[in-house]
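Biologist: I am new to this structure and should be grateful for a close look at a single part of it. Please choose one pocket and describe its surroundings in a connected account.

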Amino acid sequence: MWIDINAYTGHWPYKQLYKNTLSGLLERMDRFGVDKACVANLSALHFKNTQSANESLQVELKSLQQANRRFIPFAVINPNYPAWQNDLEKCLKLGFRGIRLYPQYHDYLPENENCVKLVEQCKKEGLVVALTVRMVDSRQRSWLDIPHVAGTEVGERNLRNFMPLIRAVPDARYFILNMANGWSVDAEDVELLKSENILFDTSGRSIHFMPDLLKQYGAHKFAFGTHSPVLDYITGMLRIESLQAHEATEHEKELMRSGNALRFL
């Protein structure tokens, strides 16, 4: 069984995407034998009020006969928006299973007071909180895309940037998606990442060090993710399937294919 914890429907203003609808995603899932996918509306990253994009995702889900058994909806919430509590309540009623946060696109720091409150509320409601380290490679970004993010000089983040939030709410459940930049964190934070409910997906550029990462964190900390349709669909899968027997057992591979995601969801 395969579960993709990092997929999208919707549009990206600076690039034409391929198969960027739920029906297009379903075609890819069927082609590569993927059973389920956690999906959010990509368009929400460029909306100040993200709720309209969440509701559009819900409409799209209702239009597909297989949606209930193939897709796990995630809402995009902007804690900088005054009505974020109402948005979260609506998404809970609509059956969303988690949220995705984009501090770099909604211009706040992860340790922002409202962001911490939002994650604490998600913890109470049993929602997974997904943190996306990078959306696109900044070397290929449009001149209209974000030139910077709050508290940094570049439009990309790394794991260290999200540690204040994880330390503030350590017992929430986190997906950390598209890990493209440095894994370097303090030794104390490494132990925190090992001990808490955190899953890294396999879509990010840095994940090509999979054998080393498995030694450091263990196979129970990783799950299949594609970052589709922004990235290609197959690389995240190959990072699991290409592991040799001395690098990961078949049981460990099955945990990464779906077992770990099932445990969270």
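**The second largest pocket and its surroundings**

Modeller: The lining of the second largest pocket consists of Gln 58, Leu 61, Lys 62, Leu 64, Gln 65, Ala 67, Asn 68, Phe 71, Pro 73, Leu 94 and Gly 95. The model in which this pocket is found is a predicted one. The volume of the second largest pocket comes to about 190 Å³. Sorted by class, its lining holds 6 nonpolar, 4 polar and 1 charged residues.

Three elements each supply at least two residues of this lining: helix H2 (51-62), helix H3 (67-70) and strand S3. Among these, H2 gives the most, with 3 residues.

From the pocket one may follow S3 into the neighbouring strands. Strand S3 comprises residues 71-76, and it pairs with S2 in the parallel sense over 3 bridges. Within this pairing, Ile 72 of S3 stands opposite Cys 38. Strand S2, residues 36-41, has 5 of its 6 residues buried, so it is largely enclosed by the rest of the structure. A residue is called buried here when its relative accessible area is under 20%.

S2 is also joined to strand S1 (residues 3-9), by 5 bridges, and these two strands likewise run parallel. Tyr 8 has Ala 40 in S2 as its bridge partner. Between S1 and S2 the chain passes through helix H1 (residues 22-32), and this β-α-β crossover is right-handed.

Helix H1 leads back to the elements of the pocket. Its buried residues are Leu 22, Gly 24, Leu 25, Leu 26, Arg 28 and Met 29. An α-helix has 3.6 residues a turn, so residues three or four places apart point the same way. The cover over the buried residues of H1 includes the strands S1, S2 and S3, together with helices H2 and H3. Of these elements, H2, H3 and S3 each also provide at least two residues to the lining of the second largest pocket. After H1 comes Gly 33, with a positive phi near 75°.

For context, the largest pocket has a volume of about 280 Å³. It is lined by 17 residues, of which Lys 15, Val 136, Asp 137, Gln 140 and Val 230 are the closest to its centre. By class, the lining of the largest pocket divides into 6 nonpolar, 5 polar and 6 charged residues, while that of the second largest has 6 nonpolar, 4 polar and 1 charged.

Notes:
Residues numbered from 1 in each chain as written. Predicted model: local features only at pLDDT ≥ 70, side-chain atom pairs only at ≥ 80, totals over all residues. Heavy atoms only, no water. Buried < 20%, exposed > 50% of the residue type's maximum accessible area, 1.4 Å probe, protein only. Helix = DSSP H or I, 4+ residues; strand = E, 2+ residues; numbered from the N terminus. Pairing = 2+ DSSP bridges. Right-handed = clockwise from strand over helix to strand, strands pointing away. 1 Å grid on protein atoms, 1.4 Å probe; cavity = no way out; pocket = protein on both sides within 12 Å on 5 of 7 lines; lining within 4 Å. Points joined across faces, edges and corners; volume = space filled by probe spheres on them. Nonpolar A, V, L, I, M, F, W, Y, C, P; charged D, E, K, R; others polar. Contact = heavy atoms within 4.5 Å.
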